[in-house]
Amino acid sequence: NTEYVLETRTEQTGRNSSGIDIMTLSGKIVYTYNTYSSEHKVINDFSKGYYIIQLESNETIARKRLIIQ
């Protein structure tokens, strides 16, 4: 298992939840979690490939690429 740490940086962290989704490039969600913390550890066995990490808090959505080799 590999551990990934995701950090959210918003003024509202701690009062409102943040949604974390990890999906394949085709849009299939392989991980989803809601948290009130500014830091979240993802422990999962992702297959090699490209993924999109989507962090959503209030009206803000951020997307980043995750490459597993």
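This report walks through a predicted model of a protein chain, from its overall make-up down to a few single residues.

## The big picture

Let's start with the parts list. The secondary structure of this chain comes to six strands and zero helices. Reading from the N terminus, you meet the elements as β-β-β-β-β-β.

How much of the chain is tucked away? Of its 69 residues, 32% count as buried. The accessible surface of the chain is about 5,100 Å², and carbon and sulfur atoms make up 43% of that. Now take the contacts in the chain with a separation of 6 or more: 48% of them are between residues 24 or more positions apart.

## A four-stranded sheet

Four of the strands come together in an open sheet, and its order is β3-β2-β5-β6. The pairing is antiparallel. Which strands stand at the edges? Those are β3 (29–35) and β6, and each has a single partner strand, so one side of each is left without a neighbour in the sheet. On average, neighbouring strands here are turned by 15° against each other, if you ignore direction.

Here is a handy bit of background for looking at any sheet. In a regular strand, the side chains alternate between the two faces of the sheet.

## How the strands are joined

Let's go across the sheet pair by pair. Strands β2 and β3 run antiparallel and are joined by six bridges. In this pair, M23 stands opposite I29 in β3. On to the next pair: β2 and β5 are also antiparallel, with seven bridges between them. M23 turns up here too, standing opposite I52 in β5. So far we have met M23 with I29 on β3 and with I52 on β5.

How many bridges join β5 to β6? The count is nine, linking strand β5 (residues 49–57) to strand β6 (residues 60–68), and these two strands run antiparallel. In this pair, E56 stands opposite I61 in β6.

## Two hairpins

Now look at the turns. β2 and β3 form a hairpin, with four residues between the two strands. One residue in that turn to look for is G27, which has a positive phi of about 100°.

β5 and β6 make a hairpin as well, and here two residues sit between the strands. In this turn, N58 has a positive phi, and its value is about 55°.

## Around T24

Zoom in on T24, which you can find in strand β2 (residues 18–24). What does the side chain of T24 make a polar contact with? Its partner is the side chain of S26, at 2.9 Å. T24 also touches V30, Y50 and Y51, leaving aside residues up to four places away in sequence.

## A pair of rings

Y51 is worth a second look. The structure holds one aromatic pair. The rings in it belong to F46 and Y51: their centres are 5.3 Å apart and their planes are at 55°, so the pair counts as tilted.

Are these two residues buried or exposed? F46 has a relative accessibility of 12%, so it counts as buried. Y51 has 7%, so it counts as buried too. The cut-off behind both calls is that buried means under 20% relative accessible area.

## Two residues outside the sheet

Let's finish with E39 and Y36. E39 lies in strand β4 (residues 39–44). Its relative accessibility is 40%, so E39 counts as partly exposed. Where does E39 sit relative to L6? In sequence they are 33 residues apart, while in space they are 5.7 Å apart, C-alpha to C-alpha.

Y36 lies in the loop between β3 and β4. With a relative accessible area of 55%, Y36 is exposed. Y36 and S57 are 21 residues apart along the chain, and their C-alpha atoms are separated by 9.9 Å.

Note on methods:
Residues are numbered from 1 along each chain as its sequence is written. This is a predicted model: local features need pLDDT of at least 70, side-chain atom pairs count only at pLDDT 80 or more; totals for chains, interfaces and linings use all residues. Side-chain values use heavy atoms; hydrogens and water are left out. Two strands pair if DSSP finds at least two bridges between them. A polar contact is a pair of N or O atoms within 3.5 Å; within protein, one must be able to donate a hydrogen and the other to accept it, and residues adjacent in sequence count only if both atoms are side-chain atoms. Contact means heavy atoms within 4.5 Å. Axes are lines fitted to C-alpha atoms, for helices over the stretch in contact, and angles run from 0 to 180 degrees between N-to-C directions. Rings of Phe, Tyr and Trp (its six-membered ring) pair if their centres lie within 6.5 Å; planes under 30 degrees apart count as stacked, over 60 as edge-to-face and the rest as tilted. Buried means under 20% relative accessible area, exposed over 50%, partly exposed in between (1.4 Å probe, protein chains only). Accessible areas come from the Shrake-Rupley method with a 1.4 Å probe; for residues, only the protein chains shown count as cover.
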